[in-house]
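Visitor: I am new to this structure and would rather understand one part well than skim over everything. Please choose a single part, look at it closely, and show me how it sits among its surroundings.

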Amino acid sequence: MESNFTLTDGISGPVLATILIVQIILALIANGVVLSITFYQWKSLKLSSTIFFTSVILAHLVLNLLYLPFRIIALAAGEWVFGSTNEEKKVTCTFAAFFFWWMVLVILMTVAAISFDRFLFIVKPQLHKRFMRSWVALTLTIAIWILSAALSNVHIFAFHLYIAICIRPSNSIGLSIYFVLLSVTILGIIFVTSLWTFCFTRSFFKNQSVIAAGSVYASKKKRLFGVFGSMLLIYGICFVPGFLYFFLSLFIDVPVWFETFAIICFDFITVANPIIQSYFRPEIKSVLVPYFPFHICVCC
């Protein structure tokens, strides 16, 4: 990308725009279904996990409705068309960039909160029942949205992290330190709590299978590997390319094809996340099973 609001010839803008349009359609369908079922099963909103999951769904919708249309139109047109002068284009670009970074941080931080919530629920159920009340989860969710908005302003006005079709980020030691600390904190919470939960559950199934001397817990153990393995695969596909691209861009000029790949992978999380939720939320599965019994029950 170049800083004059135009695209280079390294990628096909219309092709990428078409891919993103398909992802938007799939994301709106998937997120719309999950959100509709959530409001239909409104009593589940008292659960902390439902509050966190709903927050992610709302972030997906904002990303698909208030950011991606800007990128798609710019890719299809071959330039940033929102504004008649460079100053006006920079303003509209800042608006789009703000919502991009805001929703990226909301999604990542909420995934970390979900991972921590699952950790407490499975490993420390007494603490979860005592502390993770609905009002606590709601307060934490609101705090995540506010903190993400504040950090989004830091990204734009302190480090000039506009979306790439506007201007490239400025390489600096401060940006590198900031990015590493933020990434280590968020990914560290997700990795540690998920690994701890997996090991605890695996150990529990192993001990119970010895006591019961049956194949029931062995089957559950296989499903456990399937669930955590699929989550690791999906989150790895969606998040790792973006983190790797951004980290490398701090030091070298990353090829445009890899940037394009990272964009497509990250945007896919808005499609994959609602599907992942359908595996973990009984109120979602109770509605979807009659229509997609094989799809839901395979991973139940």
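**A close look at helix 4**

Guide: Among the contacts in the chain whose partners are separated by 6 or more positions, 75% join residues that lie 24 or more positions apart, and this is a useful thought to carry along in what follows. The model is a predicted one, and its chain holds twelve helices and zero strands, so that reading along the sequence gives the pattern α-α-α-α-α-α-α-α-α-α-α-α. Of its 300 residues, 46% count as buried, while the accessible surface comes to about 15400 Å², with carbon and sulfur atoms making up 74% of that area.

The part I have chosen is helix 4, which runs over residues 86-123, and a good place to enter it is Thr-110, a residue of this helix. Is Thr-110 buried or exposed? Its relative accessibility is 1%, and since anything under 20% is counted as buried, Thr-110 belongs with the buried residues. Leaving out residues up to four places away in sequence, Thr-110 touches Phe-52, Ser-55, Val-56 and Ile-144. There is also a link to the backbone, for a polar atom of the Thr-110 side chain lies 2.5 Å from the backbone oxygen of Val-106.

Among the residues touched by Thr-110 are Phe-52, Ser-55 and Val-56, and these numbers fall in the stretch 48-66 that makes up helix 2. Helix 2 is largely enclosed by the rest of the structure, because 15 of its 19 residues are buried. Its length also agrees with what one would expect: at 1.5 Å a residue the helix should span 27 Å, and its end C-alpha atoms are indeed 27 Å apart.

Back in helix 4, the next residue to look at is Leu-108, which at 6% relative accessibility is also counted as buried. Which residues does Leu-108 meet once its neighbours within four places in sequence are set aside? The contacts are with Ile-186, Ile-190, Phe-239 and Phe-243. One of these pairs shows plainly how the fold brings distant stretches together, since Leu-108 and Ile-186 are 78 residues apart in sequence, yet their C-alpha atoms are 7.0 Å apart in space. When you follow such neighbours along a helix, it helps to remember that an α-helix has 3.6 residues a turn, so residues three or four places apart point the same way.

Farther along the sequence comes a charged pair, Asp-117 and Arg-118, which form a salt bridge whose closest N and O atoms are 3.1 Å apart. The count of salt bridges in the model comes to one. The two partners differ in their cover, for Asp-117 counts as buried at 1% relative accessibility, whereas Arg-118 is partly exposed at 23%.

Helix 4 also takes part in a nonpolar patch on the surface, to which helix 4 and helix 7 (173-212) each supply at least two residues. The members of the patch are Phe-121, Ile-122, Phe-191, Val-192, Leu-195, Trp-196, Phe-200 and Phe-204, and together they have about 780 Å² of accessible area. Helix 7 gives the most, with six residues. One of the patch members, Leu-195, is located in helix 7 and is partly exposed, with a relative accessible area of 42%.

Two neighbouring helices in the sequence complete the setting. Helix 3, residues 68-77, has Leu-68, Phe-70, Arg-71, Ile-72, Ala-74 and Leu-75 as its buried residues, and the cover over them includes helix 4 along with helix 1 (13-40), helix 2 and helix 9 (256-267). Just after helix 3, Gly-78 adopts a positive phi of about 85 degrees. Beyond helix 4 there is helix 5, residues 125-131, which contains Leu-127. With a relative accessible area of 38%, Leu-127 is partly exposed, and apart from residues up to four places away it touches Leu-120 and Met-132.

Taken together, helix 4 holds buried residues such as Thr-110 and Leu-108, shares in the cover of helix 3, and contributes to a nonpolar patch on the surface alongside helix 7.

Notes. Residues are numbered from 1 along each chain as its sequence is written. This is a predicted model: local features need pLDDT of at least 70, side-chain atom pairs count only at pLDDT 80 or more; totals for chains, interfaces and linings use all residues. Side-chain values use heavy atoms; hydrogens and water are left out. Helices (H or I, at least four residues) and strands (E, at least two) are DSSP runs, numbered from the N terminus. Buried means under 20% relative accessible area, exposed over 50%, partly exposed in between (1.4 Å probe, protein chains only). Contact means heavy atoms within 4.5 Å. Accessible areas come from the Shrake-Rupley method with a 1.4 Å probe; for residues, only the protein chains shown count as cover. Patches are made of residues with over 30% relative accessible area and no salt bridge: like charges are joined within 9 Å, nonpolar side chains (Val, Leu, Ile, Met, Phe, Trp, Tyr) within 5 Å. A salt bridge is a side-chain nitrogen of Lys or Arg within 4 Å of a carboxyl oxygen of Asp or Glu. The expected span of a helix is 1.5 Å times one less than its number of residues. A polar contact is a pair of N or O atoms within 3.5 Å; within protein, one must be able to donate a hydrogen and the other to accept it, and residues adjacent in sequence count only if both atoms are side-chain atoms.
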